[in-house]
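Got the viewer open? Load the model, keep the selection tool handy, and follow along stop by stop.

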Amino acid sequence: MLPELRVSGLDTIWLYLDMKAILAFSLLVIFSTHANSQTVSTETHVDFGYVDSSWTYKSEGLGVRFPIPKGWYFMNAATSPSAYVKVGAKMIHIIGYNRPMRVPIADFNRIHNNSIAILFGFSKLPDSAIIIRKPLDYNADKTFYLGITKVLDTVPYNFLRYTCLKCTDESFKDIYTNKVKIGNTEFEGYITGVTDKKGNKMGHFFGIRRISEHYLVLQFNFPDLNAFEQYKEYLKDLTVQ
């Protein structure tokens with residue numbers, strides 16, 4: 001049974017990368033790319049994947065695949081300024097995402113100590129333009145993103161508890177959700193709350209799935225608990241090997 005929704009702001013330790021950090025890391029990833037190899041060992045490199053011409057995100061090294069819904073917006077934080085790009089637009093607009101990218105694990109762990117590297121994000125907007133240049137709102141309704149971070153605790157529950165700064169051991173038990181089936185896989189996580197740029201309070205799911213020495217992190221926002229199950233359906237085609 002899902003816990004009562006508590007909307008009190010994002011209660012996690014993880015910080016999103018600012019624009020300069022994203023651009024610097026994108027250059028590091030690109031310079032680490034081998035164009036003749038799309039299969040990347042998770043033992044030596046972190047495979048950031050790419051978005052192909054059909055708007056499907058793929059990471060061979062992580063074993064992750066997801067076709068991004070048509071008509072939604074891809075959240076491109078690698079451009080300056082950041083931009084939303086309508087899914088279905090020409091791939092030239094997806095700077096930093098349209099070819100396989102990887103980075104050595106040592107470099108990844110050095111840069112992302114206590115932070116999440118966002119693999120990709122997408123959001124449903126009421127707009128119709130192909131490109132929308134405005135600050136990305138990671139806390140907006142119908143916003144989903146996958147990221148990756150190194151394992152700081154091999155016990156998923158302990159790791160999740162560590163990320164919830166405002167939780168006590170007792171309160172965390174109330175928001176913890178075990179074995180949440182999304183797509184073809186199960187995530188452990190918890191439900192808390194965030195506030196979007198307009199001041200609207202949203203429910204927020206934070207889930208992890210271990211892949212080698214890293215955690216795949218899934219986060220998404222929804223208006224209330226009644227919508228939580230429905231919003232999981234937007235990810236029904238997510239596959240993690």
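**Stop one: the end of a helix**

Start by selecting Lys-232, which sits in helix H5, residues 225-232. Helices here are DSSP runs of H or I with at least four residues, strands are runs of E with at least two, and both are numbered from the N terminus. Before you go further, note that this is a predicted model: local features need pLDDT of at least 70, side-chain atom pairs count only at pLDDT 80 or more, and totals for chains, interfaces and linings use all residues. Residues are numbered from 1 along each chain as its sequence is written, and side-chain values use heavy atoms, with hydrogens and water left out.

Is Lys-232 buried or exposed? Its relative accessibility is 12%, so Lys-232 counts as buried. The cut-offs are under 20% relative accessible area for buried, over 50% for exposed, and partly exposed in between, with a 1.4 Å probe and protein chains only. Now show what surrounds Lys-232: leaving aside residues up to four places away in sequence, it touches Val-180, Lys-181, Ile-182 and Phe-220. A contact means heavy atoms within 4.5 Å.

**Stop two: zoom out**

Pull back to the whole protein chain and colour by secondary structure: you get 5 helices and 15 strands. Of the 241 residues in the chain, 52% are buried. Take the contacts between residues at least 6 apart in sequence, and 64% of them join residues at least 24 apart. Switch on the surface if you like: the accessible area is about 11,200 Å², and 52% of that belongs to carbon and sulfur atoms. That area comes from the Shrake-Rupley method with a 1.4 Å probe; for residues, only the protein chains shown count as cover.

**Stop three: strand S8 and its partners**

Next, select residues 117-123, strand S8. 6 of its 7 residues are buried, so S8 is largely enclosed by the rest of the structure. Which strands pair with S8? Strand S5 (residues 73-76) runs antiparallel to S8, joined by 2 bridges, and strand S10 (residues 143-150) also pairs with S8 in the antiparallel sense, over 6 bridges. Pairing takes at least two DSSP bridges between two strands. To find the register, label Phe-74 and its bridge partner Phe-122 in S8, then Ala-117 and its bridge partner Ile-148 in S10.

**Stop four: Tyr-73**

Stay with strand S5 and pick Tyr-73. At 0% relative accessibility, Tyr-73 is buried. Its side chain reaches the backbone oxygen of Asp-127 at 3.3 Å. Add Ala-129 to the selection: Tyr-73 and Ala-129 are 56 residues apart in sequence, with 9.8 Å from C-alpha to C-alpha.

**Stop five: backbone oddities**

Most residues other than glycine have a negative phi, and most peptide bonds are trans. Here are some exceptions to click on.

- Ser-80 and Pro-81 are joined by a cis peptide bond, with omega about 0°; Pro-81 is in the loop between S5 and strand S6 (83-86).
- Trp-55 is not a glycine, yet has a positive phi of about 65°. Look for Trp-55 in the loop between strand S2 (50-51) and strand S3 (56-59), where it is buried at 2% relative accessible area.
- Ser-212 has a positive phi too, near 55°. It lies in the loop between strand S13 (201-211) and strand S14 (214-222), and at 23% relative accessibility Ser-212 counts as partly exposed.

Key
A polar contact is a pair of N or O atoms within 3.5 Å; within protein, one must be able to donate a hydrogen and the other to accept it, and residues adjacent in sequence count only if both atoms are side-chain atoms.
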